[in-house]
Every structure is written in C-alpha cells, then in structure tokens.
Amino acid sequence: MIGRPTGRRPTVTDDQSSMAPLRIPMFRTFWIALVIFGLGHLVQVVTSSWLMLEMTGSPLWVSAMIGAPTLPLLVLSLPAGAAADLFDRRIILLVSTSVLVAASVAMSVLSTLDELTPARLVGLGLVIGIGIAFFNPAWHALVPSLVPASLVPGAVSLNSASGGVATALGPALAGLLLVTVGAGFSFGLAAVGYLAVAVAVSMARTDDLDQEKGSLVVAIAAGVRYLRFSRGYLWLLLLGSLFGFASAGLRSMLPNLTSDALGGGSVMYGVLLSMFGCGAMAGGVTRSQASRRLGPRLLPICIVAFGLVGVVVGLSTRVALTAVCVTIAGVIWTWILATLNSTYQVLTPDWVRGRTMGAFTLSVFGFVPLGAVASGALGNSVGADKALVAFSVMVAVIGVLSFRMPIPVLERIESPVVLERDAGTIPDVAASNEPVLVVTTWHVEPLRLEAFLMVLSDLRRVRLRTGAIQWAAYRDATDPMSISEVFMLPSWEQRVQQIKRLDTVAMQVIRRADELGTAETRVRRNLVGFDVDSELKGRDQTFEVPAYPSPGLFPPA
C-alpha cells in the first residue's frame, strides 16, 4: 500500500511575494537572529583581515586569514551534514554557536592584551571555521521546518538577503570600530552576534521532523551514495566547487587592491565591502525577477557576468568605478548562491537534507579558502590586481562552460516528498546486523522489454541512493523474460529505513517497473543473512549426521 506524502510538495513559483516568509513569526525570529549573526561575523572577518594586513602587509597572510574560517569546511562539511540528519539540529546550532562565541572572546582578550600574533589569529580563525562547518548544514536543513513547503525557495533567498544586510552594514561598522575603539571591541561585538542565534534557537520551537538513527559513518556513506546516484547533484557540486574556488579572488584581493590601487585604508575597505553587501541585499529580493527574465540560463549568465565584473575591478584605479562594480558583483553573487541553494533544497527529500546541504557547503564555500590562498600566492608574485584579473577570467570561462552542463533548472524541478507508509507495509522482522538481500522478479512481455530495461536503469539509481550498497540484474537461465533485480543492504534496520525513504519520485519509477513487468507476476523476497556456525551453537546436536554418497567428495572438517 502506498502511503500519503508526509508534507506538501514544494512548488517553485514566482507568484508569491519574495517577502512572504517574513510574515511567519518563527521564520521572522530566526531571520532577524541570522542578520545579527551575520553582522557579527562580518565585523570579525573584516577586523581580522585588516588586522592581518597591518601586522604583515602580505597578500598571502591576508588570504590565509580570509580562508581560515572556511578551510574546515573541506573536512567537516559531510560529517556535519550527517550529524544534522541524525541529531537534533537545534542542539547542533547551540553547540556550534558556543564554539564561535568562545573563539571570538579569545580573539578579543588576546587583542586587548596585545598578544594576538598572525599565527594565533589564523588558528582562532580555524576554530571559527569549525563552528561554521557544523552551523551551516543544520541551519539550512532547519529552514523547511520554519515555512510552508511552497515558500522554501523564498526563504532561502531571504537567508541570502540577510547575508547582504550584514555585509552592507558589517564592513563599514568594522572599519569605524577599528579606528575608534580597536579590534578587541570588534571581536567582542562578533561574540554578541553569534549569541543572537543561540538565544533564538533556545527560545524557539519548530516542527522539526523525526530524524533517522544510526552511526555517523553509515549516514555519511548513505549521503554520498544519494548524491552519486541522483541526477543533477554531481553537476551542481562540480559547478559550485569551480565557482567557489575561482570567485574567491575578488574577496581575498580586495584588501590589497584598496591599499595599493586605490590608496585607501580600513574605512574605504569597509565601505567597498558594504557596497558588495548592498548589492547582495538587493540580489536576495530580486532573484525571482531575475529568474523570470533569464530563465534556465540564469546560472551560466550570472557566472560569466561575475567574472567580467571582477576583471573590471582588477583593472580599476578609480574608487567610484570599483564601488559600482563591487555592488553589481554583490547582486550577481546572491543570485548565484540563492539559486544553487534553492535548487539543492527543492531537489532533496527531508531524510537526507542535512547531508546534501553539507555537500552544498563543501562545494561552494569549502573551495573558497583554496581559491583565497591560491590567489594570494599569485598576488605575492604578480600583484593583487593581476591575480584578481586572472581569477576573474577563470570565473568567466567556468560560466561559458556551464552553458553545456546539464544543470537542473530550479523552476522545473519536481520536488520529492517522502511518503508516509502504514506499519503493515513494512515487514516485521527481528533486528539483525547481518546483510539483507532483496530479490524482486518480474515476467516481462517481449514487446515491453526495451522500455522495462530503461526503467530498470532508473530503478538501480533509486535503490542505491536510498540505502543499497550493491545492485545487480539477473535473467532466469531457462526463461529470459523472467528478470530479477537483486540489491544488498548492510542490515535489516537499513532495509526498514530504505522503505521509509521512498518518495514520490522513487515511487513513480517503481510503479512504472510494475506496469511494464506486470505487477501480478512480481515476486519480492527479503533474505536476511545469518552465520551457520553461530546458528548451530546452542542447538541439540545429538542427531546422527547422515553419510554422504561419496565420502571423498565432502571430507570431514
């Protein structure tokens, strides 16, 4: 029996106001907290970057400082995403924000005592990165529980806009604080910003979904298989990784460009970042309009445009021109990130959302520190302006190549909704840690064979992305039209979870297989492995072992 969806299907339309999610009190509370969080984080990033520039004057050290808060994403994004699917996401948010507060307080104290060295600053930046690595997947995975399903894309765009609000105000505030009260106060303000989310999470209650149980390693492996065998994700991961790496040149080279090409100081740097933030804020509330105008070509066009704008910034020696270009870059940046993020959210069922958002964080932001360090190293050799031009050309080339990539189009995605299944549809079997082999056999009419084999290929991806670790197809040696699929899972618990993970998209494939293979002929068997020697232990073995026909064929053990 096929159950009913556990939630409403997200419909990706532009009919609703982009501000509609803010009418929901819970989302509004979290969004305001996220703005304050982002404001504190931007103050910290700008302060630490400019402080590193004053201490060392090295593009490489500055790039290392900019990249430090995102470097842990390369290692921790997938485990953090799995944790967001296995454990209470609110607890993860509270623990991660506590880490961020502790690191910010340490920066503040060391700066006040004049004990903050470049190495310590980078080290604490890495601690910030650890907190961010666990914060991001849990936060993104929590968004769909805050708003109706149809408003998820709008909520994601507003989250991106919140970053724009913070970026618009944070850098200028950081520059002002640096020249008035010093870095110690700025880092203390960042701690207060992180606390805002902790307070909102501790006070709020959400309708978060029941989460799966199991080990972190098994959950990570299941998430990787889901991404591998789901169409579209690998191309999204590739595009996000390339863009994250190449686009890092603009942000990482901006402090040196401000100082060298424009002759400015920390205040000018803060103003330029604020212009970027103003653009990002505008981009967050105009993404739907851009999508209507640019259609399925939104991502490629925006990536090419971001690269071209970066080239102009690298060549510019005029403050006004740089400010205009940085503002445009902020708009385009948000359109790109909001579209990628929304695409991930709408493509993903709830049971694996944390892991896919961890992969999103890894692909887009995990490669930013590598790009920052690489552009910084190039800047040390040829200058910050030439390094930015080189990396921006790289971005434009990536955009041109993406025109040929089969990237899922957000507005055309049919979002999967996990089905609620009656308990009677799940076999009641004693828990076992032994492998499970599932065999399903259909008898296919010859005229339907080609169509059935095409569906069987899709069915393979369904089984593997929902938990199977091996899959194969077999024909009966005496009846070629009798075709079986055989797949294996690590345990019976994983088999039960696989059944619960079936969503509307997967069920369409299963139904089609039954139609072509005539469901009346389908036979399914769930075979649970067992150890023969263990089974014999404890049994009455006083019976007489019968003699084999040929003693030499089966010699005694």
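How many helices and strands does the secondary structure of the chain come to? The count is 19 helices and six strands. Keep in mind as you look around that this is a predicted model.

**The whole chain**

Start with everything selected. The chain has 557 residues, and 56% of them count as buried. Show the surface next: the chain exposes about 24100 Å², with carbon and sulfur atoms supplying 64% of that area. If you turn on contacts, take those with a sequence separation of 6 or more; residues 24 or more positions apart account for 85% of them.

**Helices H8 and H9**

Now select residues 216-228, which form helix H8, together with residues 233-260, which form helix H9. Two packed helices are described by the angle between their axes and the distance between the axes. Here the angle is about 95 degrees, and the axes lie 7 Å apart. Angles of 65 to 115 degrees count as roughly perpendicular, so that is the word for how H8 and H9 sit relative to each other.

Show side chains where these helices meet. On the H8 side, pick Tyr226, Leu227 and Arg228; on the H9 side, pick Tyr233, Leu234 and Leu237. Sorted by class, this contact has five nonpolar residues, one charged residue and no polar ones.

**Gly223 and a network of salt bridges**

Stay in helix H8 and select Gly223. Is Gly223 buried or exposed? Its relative accessibility is 4%, so Gly223 counts as buried. Leaving aside residues up to four places away in sequence, Gly223 touches Val352 and Arg355. Draw a distance between the C-alpha atoms of Gly223 and Arg355: they are separated by 5.7 Å, although the residues are 132 apart along the chain.

Arg355 is a good place to pause. Add Asp85 and Arg89 to your selection, and you have a network of salt bridges linking them with Arg355.

**Between H4 and H5**

Next, go to the loop between helix H4 (89-112) and helix H5 (118-142), and select Asp114. Most residues other than glycine have a negative phi, and most peptide bonds are trans. Asp114 has a positive phi, near 60 degrees, and is not a glycine. Asp114 is also exposed, with a relative accessible area of 68%.

Then select Glu115 and Arg120, which form a salt bridge with their closest N and O atoms 3.8 Å apart. Both ends are partly exposed: Arg120 has a relative accessible area of 42%, and Glu115 is at 40%.

**Two further salt bridges**

The count for the model comes to nine salt bridges. For another of them, select Glu485 and Arg463, whose closest N and O atoms are 2.7 Å apart. Which elements does this pair tie together? Glu485 lies in strand E5 (residues 479-489) and Arg463 in helix H16 (residues 449-465), so the salt bridge joins parts that are 22 residues apart in sequence. Both Glu485 and Arg463 are buried, so you may want to hide the surface to see them.

Finish with Glu515 and Arg512, a salt bridge with 3.3 Å between the closest N and O atoms. These two residues are three apart in helix H18 (residues 504-516), so about one helical turn separates them. Glu515 counts as partly exposed at 48% relative accessibility, and Arg512 counts as partly exposed at 38%.

Terms used:
Residues are numbered from 1 along each chain as its sequence is written. This is a predicted model: local features need pLDDT of at least 70, side-chain atom pairs count only at pLDDT 80 or more; totals for chains, interfaces and linings use all residues. Side-chain values use heavy atoms; hydrogens and water are left out. Axes are lines fitted to C-alpha atoms, for helices over the stretch in contact, and angles run from 0 to 180 degrees between N-to-C directions. Helices (H or I, at least four residues) and strands (E, at least two) are DSSP runs, numbered from the N terminus. Angles under 35 degrees count as roughly parallel, over 145 as roughly antiparallel, 65 to 115 as roughly perpendicular and the rest as oblique. Contact means heavy atoms within 4.5 Å. Ala, Val, Leu, Ile, Met, Phe, Trp, Tyr, Cys and Pro count as nonpolar, Asp, Glu, Lys and Arg as charged, and the others, Gly among them, as polar. A salt bridge is a side-chain nitrogen of Lys or Arg within 4 Å of a carboxyl oxygen of Asp or Glu. Buried means under 20% relative accessible area, exposed over 50%, partly exposed in between (1.4 Å probe, protein chains only). Accessible areas come from the Shrake-Rupley method with a 1.4 Å probe; for residues, only the protein chains shown count as cover.
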